[in-house]
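Q: I have a structure open and would like to go through it piece by piece. Can we start with how the chains meet?

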Number of protein chains: 2
Amino acid sequence: MKQIAAILLTLALSGPGLCAAEPLPGWRDTPVRKRLLDFVTAVTTPGGPGYVTPAARIAVFDDDGTLWPEKPRAQGMFALQRLRVMAPGHPEWRTRMPYAAALELGSKYLQEATDADVLQLVATASAGRTQDAFRQDVRDYFATARHPRFGRPWTQLTYGPMRELIALLKANGFRVFISTTGSIDLVRVLAEEMYGIPADDVFGSSVVATLREEDGQLVLRRLATVHGLNDGAMKPLTIDLHVGRRPILAVGNVNSGGDIDMLRYSQQPGVPNLQILIRHDDFEREYAYDEPDGASVKAANANGWLVVSMRYDWLRIFGAE
Amino acid sequence: MKQIAAILLTLALSGPGLCAAEPLPGWRDTPVRKRLLDFVTAVTTPGGPGYVTPAARIAVFDDDGTLWPEKPRAQGMFALQRLRVMAPGHPEWRTRMPYAAALELGSKYLQEATDADVLQLVATASAGRTQDAFRQDVRDYFATARHPRFGRPWTQLTYGPMRELIALLKANGFRVFISTTGSIDLVRVLAEEMYGIPADDVFGSSVVATLREEDGQLVLRRLATVHGLNDGAMKPLTIDLHVGRRPILAVGNVNSGGDIDMLRYSQQPGVPNLQILIRHDDFEREYAYDEPDGASVKAANANGWLVVSMRYDWLRIFGAE
């Protein structure tokens, strides 16, 4: 009984909302960390002015550049590897763009390609595969593939501070979703292991699949056609489709401005809410880049969003080394 | 400590898989009930030949006619009430079909209308509403609306035996989803209260919504345009979109044959799976109807599905009275 009493005492001492002994250990003790903790405390304090019922505690995270590096985009590396395997059967790719450029330049091609370009590569590289076979392709690739700069498996390159934030939110009654501009089917295979988020709580860009009867079984086969790019103004629409409620917390990153609409959509009058924008300003530990027009940071300043500096706000970038 | 030991003993005695003292009390002790219990025991028995890892325990249920009555369809009644409120502003409906017929005949119109017809009524009846306002409209309607024959609130007319099955599955590590041919947005508002299934684990037919900036806020407004009817061959595709894994258990009902593809899709070689088809053969306690071509029952016989008779397999139909 002593042990149980000790546990109850620990829970009682940890205060309302924040159950972990020291939440967010990978974050430096900055005003950013304080605002995160204050928000979680407020929405979980019954009777308080910022209280939100558990059913309404919805958080949505972007993926590439928000939860793991987007340089180069992982789905692009996956597609390039598949295209190389398929190339001998497609001699026309030697002269047809973008395949010729992608095959010749590899990850350098990905640096200049748009999200739509990369998704089209994924669609082409997986055309004709069943959904089950595609998921196995993804598992096989990421079981051995390593990031070209960091030399570590992609699945070990999730941002530790963001995993801590996801765990803190879940421990405080939040449902956490991933809205990726990458392939929905690819991220779903990895999300449980990488972020502790089940496949059905991930949504993103997709290709067209068709239902076919083969050997007496119904299977879904992928086509080379992109169905939808989950970016910009599409993000509130896919949140509505997959979640069916407005988030009170939305997290994106500075790159293309593609998360602005999602963050704005989570700002509702009369309901406590928080928006987080990650800046890649850590050239030594990760990357340093901004937007040519600065649209995301401008939107953050205009709307009171929390801007996170990877360099100054995070003690560590990857995992819990 | 004695109390805790007693709890542990109870858990140990309850055997693998089936945690409840007497599972499925609303089901008669028939071979159907035994097959359901045997399936749950098999997939949850580690080391057994039918074992399935928790992550792969995915169950998908149809809604109308599978979890609650579909005569008349609840979303049709909701749409009719909204159309009546809107009618004074739409004098053209007096002579335009199907609005003239729907307004004049009411629930009699719904008897002959197809699922596509009814969804179009919902789209028209909610056009121009924001998604947030629509969800409040649904809450308001079902707070007072009663079923025309049974005289009870719709939310009290869920099938008790099916709620027990959902609870049994969840207690045994299944994730349970609803795939409805009705409006995704309507069922989501009710599913938590009626079935204990959160909004984001419901998917179904949808209308087109547009993202707009109004008074400095981003909102989603509904159009009168149907986006997709979640029926027949669409059901495997929406399962893939919303769940991202194949179900091992699929449940539908005899009516239009619209659940056949979903049930077939859950039959995968090499993976334990079960398909359940509900027959409405209880004229006294609910309804009695079949398909003109008998396609669903034929498919059940050809594929070894479990056919449930509401009359003979269920002790009670509604709730736990």
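Q: How many residues of chain B are in contact with chain A?
A: This is a predicted model. In it, 25 residues of chain B are in contact with 25 residues of chain A.

Q: Which elements of chain B give two or more residues to that side?
A: They are α9 (184-195), β3 (202-214), β4 (217-228), α10 (234-242) and α11 (260-265) of chain B.

Q: And which gives the most?
A: α10(B) does, with four residues on the side of chain B that touches chain A.

Q: How do the residues on that side divide into nonpolar, polar and charged?
A: The side of chain B that touches chain A has 13 nonpolar, four polar and eight charged residues.

Q: What turn lays chain B on chain A?
A: A turn of 180 degrees, with a shift of 0.0 Å along the axis, and the RMSD is then 0.0 Å. That is the relation of a two-fold axis. The same surface serves both copies, since 100% of the contact residues of chain B recur in chain A.

Q: Now chain A by itself. What does its domain assignment give?
A: Domain 1 of chain A covers 16-70 + 156-206 + 216-313, and domain 2 covers 74-144. The C-alpha centres of these two domains of chain A lie 27 Å apart.

Q: How many residues does the contact take from each domain of chain A?
A: The contact takes 18 residues from domain 1 of chain A and 20 residues from domain 2 of chain A.

Q: Which elements supply the domain 1 side?
A: β2 (175-183), α9 and β4 (217-228) of chain A each supply at least two residues of the side that touches domain 2. β4(A) gives the most to that side, with eight residues. By class, the side of domain 1 of chain A that touches domain 2 of chain A has nine nonpolar, five polar and four charged residues.

Q: Back to α9, then. At what angle do the axes of α7 and α9 of chain A cross?
A: The axes of α7 (residues 131-144) and α9 (residues 184-195) of chain A cross at roughly 55 degrees and come within 9 Å. α7(A) and α9(A) are therefore oblique to each other.

Q: Is that crossing left-handed or right-handed?
A: The crossing of α7(A) and α9(A) is right-handed.

Q: Which residues meet there?
A: From α7(A), they are Gln131(A), Phe134(A), Arg135(A), Val138(A), Arg139(A) and Phe142(A). In α9(A), they meet Asp185(A), Leu186(A), Val189(A) and Leu190(A). The contact of α7(A) with α9(A) has six nonpolar, one polar and three charged residues.

How values were computed
Residues are numbered from 1 along each chain as its sequence is written. Chains are lettered from A and ligands numbered from 1 in the order in which they are written. This is a predicted model: local features need pLDDT of at least 70, side-chain atom pairs count only at pLDDT 80 or more; totals for chains, interfaces and linings use all residues. Copies are superposed by least squares on the C-alpha atoms of residues with pLDDT of at least 70 in both. Two residues are in contact if their C-beta atoms, placed from the backbone, lie within 7 Å. Ala, Val, Leu, Ile, Met, Phe, Trp, Tyr, Cys and Pro count as nonpolar, Asp, Glu, Lys and Arg as charged, and the others, Gly among them, as polar. Axes are lines fitted to C-alpha atoms, for helices over the stretch in contact, and angles run from 0 to 180 degrees between N-to-C directions. Angles under 35 degrees count as roughly parallel, over 145 as roughly antiparallel, 65 to 115 as roughly perpendicular and the rest as oblique. A crossing is left-handed if the near helix is turned anticlockwise from the far one by less than a right angle, and right-handed if clockwise. Domain bounds come from an automatic or database domain assignment.
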